[in-house]
Amino acid sequence: MTAFIRWLSRDDVAQTDLPFVTALDIVEATLRDHGNGAFENPPKIGVHPRHDAFIHAMAGWLPKQRQVGVKWVAGYSSNHKVGLPNITGLLLLNDPETGLPVCVMDAAYLTAVRTAAASAITSKYLSPQHVNRIAVIGAGLQGLCHVKMLSLIYPAAEFQIVDINENAVVRLAEQTHSTATIVHVKEAEAAIRTADVVVTATSRLEDVAFQFGWVKEGSLVLPVHVRGWSQDITTSTDVLLTDDVEQFRNYIIATGSPYRDISRVLGSVSDVIAGRVAGRVRNADRIAVFNLGLATHDIAIGSAILNIAEHHGLGTILSY
C-alpha cells in the first residue's frame with residue numbers, strides 16, 4: 001500500500017494567508033469546546049537540551065471537528081545570535097479514521113498566530129471596559145502577531161511597543177501602520193504603568209524583568225512565556241487564570257516553578273467563556289492569565305491552513 005502526505009514549508013504556510021479574523025473565530029470556538037469538555041489535550045511533555053531551551057510535544061484531538069495531530073516545537077532563546085528563529089517546529093495532522101499522517105507543516109508561524117489569537121480572545125472576555133492603551137513588550141514575530149490580532153479587537157487602541165532592538169520596532173510599525181497606532185517606548189516600566197492590557201512577548205527570560213507592582217488598577221496581563229515576572233504576579237492579582245489548569249500545574253512542577261504560590265489559579269479562560277468562573281468582577285480588578293498554549297488550537301489552525309493549501313494546490317505531495 002502506498003500512502004501520501006502533504007508537506008507544507010514555511011513559505012507554503014505563509015502563502016495560504018489564513019485571515020487573522022478566521023484565526024480568532026477558530027480559537028474562540030476551540031475554547032468553547034474546551035469549556036464543554038469536547039477535546040483531548042494532554043499536558044505537554046518536553047525535554048530541555050539546554051538551560052535556556054525546550055522541545056515540547058503537544059497532542060490534541062477535537063472530536064466535533066474530527067481533527068487530530070501533534071506539534072513538536074522547540075524554543076531556543078539564544079538562536080537569534082546565530083541568525084536563527086527562536087521558535088521552530090513541525091505540526092503533524094492525522095486522518096482520525098485510519099491514523100495515517102496526512103500533512104506535515106512548518107509550525108513556527110502557526111504558533112505565533114494561535115498564541116496571539118488566544119491572547120486576543122482572552123482579552124475580549126477579561127479586559128477592562130475601556131482599552132485605550134496596550135503595551136507589547138517584544139517586537140519580534142510574537143509581538144507583531146499580537147498587535148495585528150489585538151487591533152482587530154481594539155481598533156482605536158494605542159500600542160506602546162518596547163524592544164531592545166529599535167530596528168525591530170521600526171519594522172513592526174511599518175508592517176502595522178495601516179491597522180494600528182504604534183508608539184515606541186524605550187522602557188518596559190513606562191509602557192506597563194499606563195497600559196490597560198499588557199503583553200510580554202519576549203523570548204524566554206531566566207531573570208525577573210517585569211514587576212507586577214507596575215501594573216495599574218484594572219489592567220489585564222498576558223505573559224506569552226511563564227518566566228520574567230516578579231513573584232507577586234501569582235499572589236497580588238485579583239484574578240489568576242490559565243488556558244488549561246492541569247497543563248499549567250504540570251508544567252510548573254516539571255520545569256521548576258519560578259513562582260512559589262500558584263494555589264490562587266481560579267480556572268481556565270474556557271471556564272470564563274462557559275460561565276463557570278466569573279472572570280472580571282470589578283473593572284478595577286488586576287487580572288493575569290498564563291496561556292501556555294493548547295495543542296487543540298494548533299490542530300484547529302493547522303487544519304484550516306491545510307484546507308486552504310489543498311484548495312490552492314500548495315505544498316509537496318510525498319509517498320511513504
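**Stop 1: a ring pair**

Select phenylalanine 248 and phenylalanine 290. Both are buried. This is a predicted model. The two ring centres sit 5.4 Å apart and the planes meet at 25°, so this pair is stacked. Planes under 30 degrees apart count that way. Now colour by secondary structure. Phenylalanine 248 belongs to helix α7 (residues 245–255), and phenylalanine 290 to strand β14 (residues 287–290). In sequence they are 42 residues apart, so the pair links distant parts of the chain.

Keep phenylalanine 290 and add tyrosine 259. Stacked or tilted: which word fits this pair? The pair is tilted, with 5.7 Å centre to centre and 50° between the planes. Tyrosine 259 lies in the loop between α7 and β13 (265–268), so with phenylalanine 290 in strand β14 the pair ties together parts that are 31 residues apart in sequence. Both tyrosine 259 and phenylalanine 290 are buried.

How many aromatic pairs are there in the model? The count is 4. For another group of rings, select Phe210, Phe212 and Trp229, which make one aromatic cluster.

**Stop 2: the cores**

In soluble globular proteins, nonpolar side chains tend to be buried together. Select Met105, Ile134 and Met149. These are the residues with the most contacts inside the largest nonpolar core, which has 64 residues. Then select helix α3 (residues 108–126). This helix supplies the largest share of that core, 9 residues.

Zoom in on methionine 149. Which residues does methionine 149 contact, leaving aside neighbours within four places in sequence? The partners are Phe20, Ala23, Leu24, Val113, Ala116, Ala117 and Ala120.

Next, pick Val185, Ile233, Leu240 and Leu292. They are among the members of a second, separate core of 27 residues.

**Stop 3: two cysteines**

Show cysteine 103 and cysteine 145. How many disulfides does the model hold? The count is 0. Cysteine 103 is in no disulfide, and its nearest cysteine sulfur, that of cysteine 145, is 19 Å away. Why is there no bond for cysteine 145? The sulfur of cysteine 145 is 19 Å from the closest cysteine sulfur, in cysteine 103, and that is too far for a bond. The cut-off for a disulfide is 2.5 Å between the sulfur atoms. Cysteine 103 has 0% relative accessibility and counts as buried. Cysteine 145 is buried too, at 2%.

**Stop 4: helix α5, side by side**

Select helix α5 (residues 166–176). Its buried residues are Ala168, Val169, Leu172 and Thr176. Look down the axis. These residues cover an arc of only 100°, which puts them on the same side of α5. An α-helix has 3.6 residues a turn, so residues three or four places apart point the same way.

Turn to the face away from the buried side. There you meet the exposed residues Asn167 and Glu174. Turn back and show what covers the buried residues: the cover includes α4 (141–153), β8 (158–162) and β9 (181–184).

Now go to the N-terminal end of α5. Asparagine 165 caps it, with a side-chain oxygen 2.9 Å from the backbone nitrogen of asparagine 167.

**Stop 5: two positive phi angles**

Most residues other than glycine have a negative phi. Select aspartate 17, where phi is positive, near 50°. Aspartate 17 sits in the loop between α1 (10–16) and α2 (20–36). Is aspartate 17 buried or exposed? Aspartate 17 is exposed, with a relative accessible area of 59%.

Move on to arginine 66. Its phi is also positive, near 60°. Look for arginine 66 in the loop between β3 (53–62) and β4 (67–76). Arginine 66 is partly exposed, at 41% relative accessible area.

**Stop 6: strands β3 and β4**

Select histidine 56 in strand β3. Histidine 56 is buried, with a relative accessible area of 4%. Beyond neighbours within four places in sequence, its contacts include Lys44, His48, Trp72 and Tyr251.

Finish with glycine 69 in strand β4. Glycine 69 counts as buried at 7% relative accessibility. Setting aside neighbours within four places in sequence, its contacts include Met58, Gly60, Leu92, Asn94 and Ile299. For a last ruler line, join the C-alpha atoms of glycine 69 and isoleucine 153: they are 29 Å apart in space and 84 residues apart in sequence.

Note on methods. Residues numbered from 1 in each chain as written. Predicted model: local features only at pLDDT ≥ 70, side-chain atom pairs only at ≥ 80, totals over all residues. Heavy atoms only, no water. Phe/Tyr/Trp six-rings, centres within 6.5 Å; stacked < 30°, edge-to-face > 60°. Helix = DSSP H or I, 4+ residues; strand = E, 2+ residues; numbered from the N terminus. Buried < 20%, exposed > 50% of the residue type's maximum accessible area, 1.4 Å probe, protein only. Core = buried A, V, L, I, M, F, W, Y, C linked by side-chain atoms within 4.5 Å. Contact = heavy atoms within 4.5 Å. Arc of directions from axis to C-beta. Polar contact = N/O pair within 3.5 Å; in protein donor to acceptor, adjacent residues only side chain to side chain.
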